[in-house]
Amino acid sequence: MGGELTLNKENQVSITVIRRLPKYHRYLAELIDKGISRISSQELSVLTGFTASQIRQDLNNFGGFGQQGYGYNVEDLHRELGKILGLDTRYNAVVVGAGNLGQAIANYKGFEDAGFKVLSLFDRNPKVIGLRIRDIEIRDMDHIEQFIEEHNVEIGIITTPKESAQAIADIYIKSGIKGIWNFAPTDLIVPGNVVVENVRLNESLFILSYFLKTIEEK
């Protein structure tokens, strides 16, 4: 069953730690933009909201990046976290589901800047096939397997209704894709060598609703 992103059993770093790394990476990028060359774990704690001890423990999972009395070199740490996150690798991706969400993903240049290039969208709606979103063509689903094979696609993105999601995942798996970014509100059944990252937009909104309700009740 494809749930939240999971690691191989040999990897001892917890998912909780992995999910904090992008936040560290983002704040370090902002520090670089400000011309800041070094930072202590305590200063990084103020920025991120994590404790200094937690930050040191997280980073120690991947080696010693800091120096006693100096802290962390911002550029070096940013670069090393990028490598850990795989951001020094270019990934080709396709999107199935050329509705509003699929088009928004294809139109977001930030993914490409981070190394994730959406090569094409796919859909079965003849009204959208042939259209282009930021020079990315919407193609017919009948051609997806051939396209994936010919363009070395590593990531498959699903933005379809949940009724279609498993069938799309099956196509991805058959075509050799090992990473699926799933926006459909359903759990996917995938083999153990396929990684699924679920994005639950409605569940996130429900959590926001809960906290708003809690505030209003005080």
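## Report on a predicted single-chain model

Asparagine 152 has its place in the loop between helix H7 (144-150) and E7. Its phi is near 50 degrees, a positive value in a residue other than glycine. Most residues other than glycine have a negative phi. The structure discussed here is a predicted model, and the loop of asparagine 152 serves as a way into it, since E7 belongs to the sheet described below.

**The chain as a whole**

The chain holds nine helices and nine strands, and its C-alpha atoms fill a box of roughly 60 × 50 × 35 Å when taken along the principal axes. Of the 218 residues in the chain, 35% are buried, while the exposed area comes to about 13100 Å², of which carbon and sulfur atoms supply 52%. Among contacts between residues at least 6 apart in sequence, 56% join residues at least 24 apart. The side chains include 24 positive and 28 negative ones, and the centres of these two sets lie 4 Å apart.

As to confidence, the chain averages a pLDDT of 91, and 94% of the residues score at least 70. Confidence is highest in strand E7 (residues 155-158), at a mean of 98, and lowest in helix H6 (residues 109-113), at a mean of 86. Residues 1-10 call for care in reading, for pLDDT stays under 50 over this stretch, although the model has 25 contacts for it beyond four places in sequence.

**The sheet**

In what order do the strands of the open sheet stand? Seven strands form it in the order E5-E6-E4-E3-E7-E8-E9, and the pairing is mixed. Its edge strands are strand E5 (132-133) and strand E9 (195-198), each of which pairs on one side only.

The table below gives four of the strand pairings.

| Strand pair | Sense | Bridges |
|---|---|---|
| E3 and E4 | parallel | six bridges |
| E4 and E6 | parallel | three bridges |
| E5 and E6 | antiparallel | two bridges |
| E7 and E8 | parallel | four bridges |

Individual bridge partners can be followed along these pairings. Tyrosine 91 has phenylalanine 116 in E4 as its bridge partner. Leucine 121 is partnered with isoleucine 138 in E6, and phenylalanine 122 with arginine 139 in E6. Isoleucine 157, for its part, stands opposite tryptophan 181 in E8, a strand that covers residues 179-182.

Strand E4 (residues 116-123) is largely enclosed by the rest of the structure, because six of its eight residues are buried.

At the E5 edge, E5 and E6 form a hairpin with two residues between them, and the bridge partner of isoleucine 133 is isoleucine 136 in E6. Arginine 134 lies in the loop between E5 and E6, and its phi is near 50 degrees, again a positive value in a residue other than glycine. Is arginine 134 buried, partly exposed or exposed? With a relative accessible area of 32%, arginine 134 is partly exposed, because that value falls between the cut-offs of 20% for buried and 50% for exposed.

**Two buried residues**

Valine 94 is placed in strand E3 (residues 91-96), which pairs with E4 in the sheet. Valine 94 has a relative accessible area of 0% and is therefore buried, the limit for that class being under 20%. Leaving aside residues up to four places away in sequence, valine 94 touches Ser120, Phe122, Phe147, Ile148, Val153, Ile155, Gly156, Ile157 and Tyr172. One of these, phenylalanine 147, is 53 residues from valine 94 in sequence, yet the two are 9.3 Å apart in space, C-alpha to C-alpha. Two others on the list also appear among the bridges described above, since Phe122 is partnered with arginine 139 and Ile157 stands opposite tryptophan 181.

Arginine 20, by contrast, is found in a helix, namely helix H1 (residues 15-33). Which residues does arginine 20 touch, not counting those up to four places away in sequence? They are Phe50, Gln54 and Asp58. Arginine 20 has a relative accessible area of 13%, so it is buried.

Technical notes. Residues are numbered from 1 along each chain as its sequence is written. This is a predicted model: local features need pLDDT of at least 70, side-chain atom pairs count only at pLDDT 80 or more; totals for chains, interfaces and linings use all residues. Side-chain values use heavy atoms; hydrogens and water are left out. Buried means under 20% relative accessible area, exposed over 50%, partly exposed in between (1.4 Å probe, protein chains only). Contact means heavy atoms within 4.5 Å. Accessible areas come from the Shrake-Rupley method with a 1.4 Å probe; for residues, only the protein chains shown count as cover. Lys and Arg count as positive and Asp and Glu as negative; His and the chain ends are not counted. The place of a charge is taken as NZ of Lys, CZ of Arg, CG of Asp or CD of Glu. pLDDT is the predictor's confidence in each residue, from 0 to 100. Two strands pair if DSSP finds at least two bridges between them.
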